[in-house]
Amino acid sequence: MTTPRPHRNPLRIAVIGGGPGGLYAAALLKRLDPTRDISLWERNAPDDTFGFGVVLSDETLGGIEHADPTVHRALQDEFIRWDTIDIVHRGHTLTSGGHGFAALGRRRLLEILHQRCTSLGVHLRFRTEAPPAAELAATHDLVIAADGVHSPTRAAHADAFGPRITTHRCRYIWLATDFALDAFRFDIAETEHGVMQLHGYPYAPHASTVIVEMREEVWRAAGLDECDEQQSAERCAKVFADALGGRPLRGNNSSWTAFRTVVNDHWSHANTVLIGDAAHTAHFSIGSGTKLAVEDALALTACIEEHPTLPEALAAYETERRPVVESTQRAAAASLRWFEELGTYLHQPPRQFAFNLLTRSRRVTHDNLRLRDPAFTDTVEQDFGCPPGTPPMFTPLRLRGLTLRNRVVVSPMDMYSAHDGIPGDLHLVHLGARALGGAGLVMTEMVCVSAEGRITPGCTGLYTDEQATAWQRVTDFVHTHSPGTAIGVQLGHSGRKGSTRLMWEGIDEPLPDGNWPLAAASPLPYRPGVNQVPHQLDRTGLADIRDQFAAAAHRATRSGFDLLELHCAHGYLLSGFLSPLTNHRTDHYGGTLTARLRYPLEVFDTIRDIWPDDRPMTVRISATDWAPGGTTADDAVEIARAFTAHGADAIDVSTGQVVPDEHPEYGRSYQTPYADRIRNTLHTPVIAVGAISSWDDVNSLLLAGRADLCALARPHLYDPHWTLHAAAEQTYTGPAAPWPAPYRAGSRTPPTGRTDAPKPRLTLTDRQQP
């Protein structure tokens, strides 16, 4: 790209693309400095547009009002407003209110922005292809690429922007109908070809947007891949005749497409910057495309005004917007996946299904929905089985002969503080404090079945009677001082990830001395050149380790644990058999998933035969390796299916930590979709884990039917009494979260210093003389 013309205040600006983002950026920049020479290129005619309605949030409108009251007033005159969502599920229509939407026609939005740009003196060049961004960059101070999801600018400079584009599994088409729906409507059709869904909303007094979506295989089976626009509209109108009242659908250059998520490593290059869909996309099911583009324009303009140089302004723009966009994209990805897996939820009762749909992106939660529509939320809670005044997290759950008084689990957390595998005072205090803190189930760290199966020298074990006696001290404390709290043991073997330093001395780093030999499914070091090469277990070694698990299970029984979990996750020994990235065997225990499952199932069966029949067993799995060629979500379902068939009472669904070069999609509750999928595919209880940090998240996951138990780790390190405090904050005082007798005086929030000043009793003013 040619060296850009340096300028503190960009006076000559080129905008590529005449969508809402590009037009609004041009208008704002011109309004703030009328001396600027701004040209916008749009290859289509002024009245050409794709799609129909646009939804904008109150937050976005507030930004527009502050930046350009003229545009805001024009938009306000056009909006159609409503606050209800209708969800139609197997003949039942569920309505939820209090949501607040505002929409207008996309064509009318563009007309308003065209008029504003023209009145300000922006040069609009319609039916004209923009010159390449590199050419414009040589003659302009700033080039704004608002050229959409298929951005030629992004493609031409892919080495600079670093785009990553993911095409998803559903096909959809934008259509319209000439009457106004009275709510945002989701309608599901179960056809002979598969599940189809309708997303519809009004955008004008006599018109509604209708998006029809379905999985690719359903689209092909229905023959829609061979239909033109008119045929597609007619077929969709027939499928959703009830929702449309028998009215027709129409298109507007409409075609079936698959949604593409666009992510860029960088949004600017020299004096060229991406905004809107050129920089990022978010699935239409959360209605954020136009919103993000307009907000990009606002932020970019503000940063240009606030910073002395263009490079600083572009850097500030990306710094400001990227976290917002990434959060939106995470929510959109959750929503997108929900609709891709829609068929797995159809078995749910109507109200639970509706709640699940409303909370699918994790932006609307149980508490948030209660504020919007308490009557609707009450009925969902009643269907779930919540006694009056009882939040979902404080309903009991029965697994075999064990009844958990609430749905909160203290997740296994390694303390790395044992001596010769013996749990000491720290373990007693750590687990005892969490038990006193109100959780329904408290889990130990991974307890190793042999000295060679430890991760670090500080890991606990159950391979000696002395260790078992020490564990009994812990279980006795829990059962005596926190009656009603269950305590579970997690048994595991480190495999190739063993013989390392304590976490705070260097996670996954080998010991400086005193290393012990490692064993694994295959002779693959965790990190080549860093960690030692394990030896591949032969039949004798496999049998020996299976016997070690059996002996540990015997000791766990005598130690008084209420539940046993088999650790088959995070790259440890049994996980190493399950993942194709770590199991390269060619014998009876390698190759297909069925073969890779064989040894973990043998270990499970051995323990299940030993473990008391009335005590439950769970299995923790890594539902994805977050790495190419590794365990997939489909594999995870089959792994869970196999363990359930062998008698697992619940599947504890974690992810990753199998290979060091993983790329997790971090974010709030980021692992829960994997638990959700297993639960709603197999109808088996699951424990959800992974950045669940609030009681509102717990209630939402449970009520939506995505999990049966929620395991939290870091929140319990921050607050050992997390569950009791969650009860207090929800004004719950029932039997599922009793305060221990010595602590009852602290069951109310302590008073704090006064921060509010007394309000004036009188306002005195000078009297006007007549």
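1. T153 is buried in this predicted model, with a relative accessibility of 4%. The residue belongs to helix α6, which spans residues 152–156. Its side chain makes a polar contact of 2.8 Å with the side chain of D147. Beyond residues up to four places away in sequence, T153 touches I16, A133, A145, D147, F161, T272 and L274. D147 is therefore both a polar partner of the buried T153 and one of the residues that T153 touches.

2. T672 is another buried residue, at 3% relative accessibility. T672 lies in helix α23, residues 672–682. Leaving out residues up to four places away in sequence, T672 touches R362, A688, V689, I692 and L701. R73 is 599 residues from T672 along the chain, and the two C-alpha atoms are separated by 43 Å.

3. Helix α16 covers residues 425–436, 12 residues in total. From its first C-alpha to its last the helix reaches 16 Å, close to the 16 Å expected at 1.5 Å a residue. Its buried residues are H427, L428, H430, L431, G432, R434, A435 and L436. These buried residues pack against two strands, β19 (408–410) and β20 (441–448), and against helices α17 (465–481), α25 (714–718) and α26 (722–729). G438 follows α16 and has a positive phi, near 105 degrees.

4. Strand β28, residues 709–712, is covered on both faces. L709 and A711 are buried on one side, and C710 and L712 are buried on the other. β28 runs parallel to β19, to which three bridges join it; in this pairing V408 stands opposite C710. β28 also pairs in the parallel sense with β27 (residues 686–688), over two bridges, and here I687 stands opposite L709. The β19 strand in this pairing is also among the elements that the buried residues of α16 pack against.

5. An open sheet of three strands has the order β3-β7-β4, with antiparallel pairing. β3 (53–56) and β4 (80–82) are the edge strands, each pairing on one side only. From one strand to the next the twist averages 30 degrees. Three bridges pair β4 with β7 (residues 101–105) in the antiparallel sense, and the bridge partner of W82 in β7 is F101. Helix α4, residues 106–120, lies across β3 and β7 and runs at about 75 degrees to β7.

6. How many disulfides does a search of the whole structure find? The search finds zero. C170 is in no disulfide, and the nearest cysteine sulfur, that of C236, is 13 Å away. C170 counts as buried, at 5% relative accessibility. C448 is likewise in no disulfide, although the sulfur of C459, the nearest cysteine sulfur, is 4.8 Å away. A disulfide requires the two sulfur atoms to be within 2.5 Å, so a pair at 4.8 Å does not count. C448 is buried too, with a relative accessible area of 0%.

7. H570 is found in the loop between β24 (563–568) and α20 (573–578). Is this loop residue buried or exposed? H570 is buried, with a relative accessible area of 7%. Leaving aside its neighbours within four places in sequence, H570 is in contact with K497, S575, R620, S622, S654, T655, G656, Q657 and V658.

8. Two residues other than glycine with positive phi may be worth a look. R90 has a phi of about 50 degrees and is found in the loop between β5 (85–89) and β6 (92–96). At 49% relative accessibility R90 counts as partly exposed, because the exposed class begins over 50%. N253 has a phi near 55 degrees and lies in the loop between α10 (241–244) and β14 (257–264). N253 counts as exposed, at 54% relative accessibility.

Note on methods:
Residues are numbered from 1 along each chain as its sequence is written. This is a predicted model: local features need pLDDT of at least 70, side-chain atom pairs count only at pLDDT 80 or more; totals for chains, interfaces and linings use all residues. Side-chain values use heavy atoms; hydrogens and water are left out. Buried means under 20% relative accessible area, exposed over 50%, partly exposed in between (1.4 Å probe, protein chains only). Helices (H or I, at least four residues) and strands (E, at least two) are DSSP runs, numbered from the N terminus. Contact means heavy atoms within 4.5 Å. The expected span of a helix is 1.5 Å times one less than its number of residues. A polar contact is a pair of N or O atoms within 3.5 Å; within protein, one must be able to donate a hydrogen and the other to accept it, and residues adjacent in sequence count only if both atoms are side-chain atoms. Two strands pair if DSSP finds at least two bridges between them. Axes are lines fitted to C-alpha atoms, for helices over the stretch in contact, and angles run from 0 to 180 degrees between N-to-C directions.
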